[in-house]
Amino acid sequence: MQLETEEVLGDATLIAMYAYWTDIKGGNDIPLRRDLDPAEIGPKLLPYSLLTDVDTSLRTVRHRVVGTNFTDFFGSDITGKDLSSVLSGNYLDFILGLYTLACERRAPVVAHSKFMWDQGRLLKTSRLIMPLSKDGSRTDMCLTCQIFEAGEGANHPRVFIVADDAWEDVSGKFSYLSVDPA
């Protein structure tokens, strides 16, 4: 079943960032890193943005630029840190899988999930991972927009990827992950 962008993304911040990414890619399948302009992204979206270097063969993601929302939320700046120094276990595997999927398919991926955070606080998060290229051929970076909110959500993550200008549900690929809120 193919879904429309607004239906999949839901949040105005994610919708605006997807529109920006779509605009800067022009006629290409993905934008070049040099096409990103923080002034065009603007102060309403920048705090929710991450710019990462991605190496799918090594399965590494390094945080190059981190929005202030992340620093405020997590209480520390993860700029320059590898994802594996911030996350571990199944959640690390899940996030690496999302970045790998976006880079290998050269298409945006959106995921709605929940996780346990400090002192057992259950949080929902929605992230939109959009691939970029430094040189026009390799997919080696991603622009990510992520929002957090407290509360309940589905036990299994919902994951979608763009296919033929519509969103395809690929949640089954990630169904081994679930969060037990108890």
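Helices and strands here are DSSP runs, with at least four residues for a helix and at least two for a strand, numbered from the N terminus. I note at the outset that the model is predicted.

**Entry 1: the chain as a whole**

I counted the elements and found five helices and eight strands. I then read them along the sequence, which gave the pattern β-α-α-α-β-β-α-α-β-β-β-β-β. The chain has 182 residues, and buried residues make up 48% of them.

**Entry 2: helix α5**

I looked up α5, which runs over residues 89-105 and has 17 residues. From its first C-alpha to its last, α5 reaches 24 Å, close to the 24 Å expected at 1.5 Å a residue.

How many residues of α5 are buried? I found 12 of the 17, so the helix is largely enclosed by the rest of the structure. The buried ones run from I95 through C103 without a gap, and Y91, L92 and F94 are buried as well.

I went on to the residue just after α5, which is R106, and noted a positive phi of about 55°. R106 lies in the loop between α5 and β4. With a relative accessible area of 22%, R106 is partly exposed.

**Entry 3: another positive phi**

R59 also drew my attention, as its phi is near 55°, a positive value in a residue other than glycine. I placed R59 in the loop between β2 (49-55) and β3 (60-66). Its relative accessibility is 39%, so R59 counts as partly exposed.

**Entry 4: cysteines**

I searched for disulfides and the structure holds zero. Why is C142 not bonded to C103? The closest cysteine sulfur to that of C142 is in C103, at 3.7 Å, which is too far for a bond. The cut-off for a disulfide is 2.5 Å between the sulfur atoms.

I also checked how the cysteines sit. C142 counts as buried because its relative accessibility is 0%. C145 has 0% relative accessibility too, and counts as buried. C103 is among the buried residues of α5.

**Entry 5: the cavity**

I looked for enclosed space and found one cavity of 30 Å³ or more. The space in this largest cavity is about 210 Å³. Which elements give two or more residues to its lining? I listed α4 (68-74), α5, β4 (109-117) and β6 (141-150).

The lining has 17 residues, and those nearest the centre of the cavity are F74, L83, L87, R127 and Q146. I sorted the lining by class and got 13 nonpolar, three polar and one charged residues.

**Entry 6: aromatic pairs**

A search of the whole structure gave me four aromatic pairs. I wrote down two of them in detail, beginning with Y18 and W167. This pair is tilted, with 5.4 Å centre to centre and 55° between the planes. It links distant parts of the chain, as Y18 is in helix α2 (residues 12-25) and W167 in strand β8 (residues 166-169), 149 residues apart.

Are Y18 and W167 buried or exposed? Y18 has a relative accessible area of 15% and is buried. W167 is at 1% relative accessibility and counts as buried.

I turned next to F70 and F148, which form an edge-to-face pair, 5.9 Å centre to centre and 80° between the planes. This pair also links distant parts of the chain: F70 is in helix α4 and F148 in strand β6, 78 residues apart. I found F70 buried, and F148 as well.

I then followed the ring pairs from residue to residue. They link Y18, W21 and W167 into a cluster.

**Entry 7: N28 and G136**

My last look-up was N28, whose place is in the loop between α2 and α3 (38-41). N28 counts as partly exposed, at 43% relative accessibility. I compared its position with that of G136, which is 108 residues away along the chain. The C-alpha atoms of N28 and G136 are separated by 9.0 Å.

Conventions
Residues are numbered from 1 along each chain as its sequence is written. This is a predicted model: local features need pLDDT of at least 70, side-chain atom pairs count only at pLDDT 80 or more; totals for chains, interfaces and linings use all residues. Side-chain values use heavy atoms; hydrogens and water are left out. Buried means under 20% relative accessible area, exposed over 50%, partly exposed in between (1.4 Å probe, protein chains only). The expected span of a helix is 1.5 Å times one less than its number of residues. On a 1 Å grid over the protein atoms alone, a cavity is a set of points where a 1.4 Å probe fits but cannot get out, and a pocket is an open set with protein on both sides within 12 Å along at least five of seven lines; lining residues have an atom within 4 Å of a point. Grid points are joined across faces, edges and corners, and a volume is the space filled by probe spheres set on the points. Ala, Val, Leu, Ile, Met, Phe, Trp, Tyr, Cys and Pro count as nonpolar, Asp, Glu, Lys and Arg as charged, and the others, Gly among them, as polar. Rings of Phe, Tyr and Trp (its six-membered ring) pair if their centres lie within 6.5 Å; planes under 30 degrees apart count as stacked, over 60 as edge-to-face and the rest as tilted.
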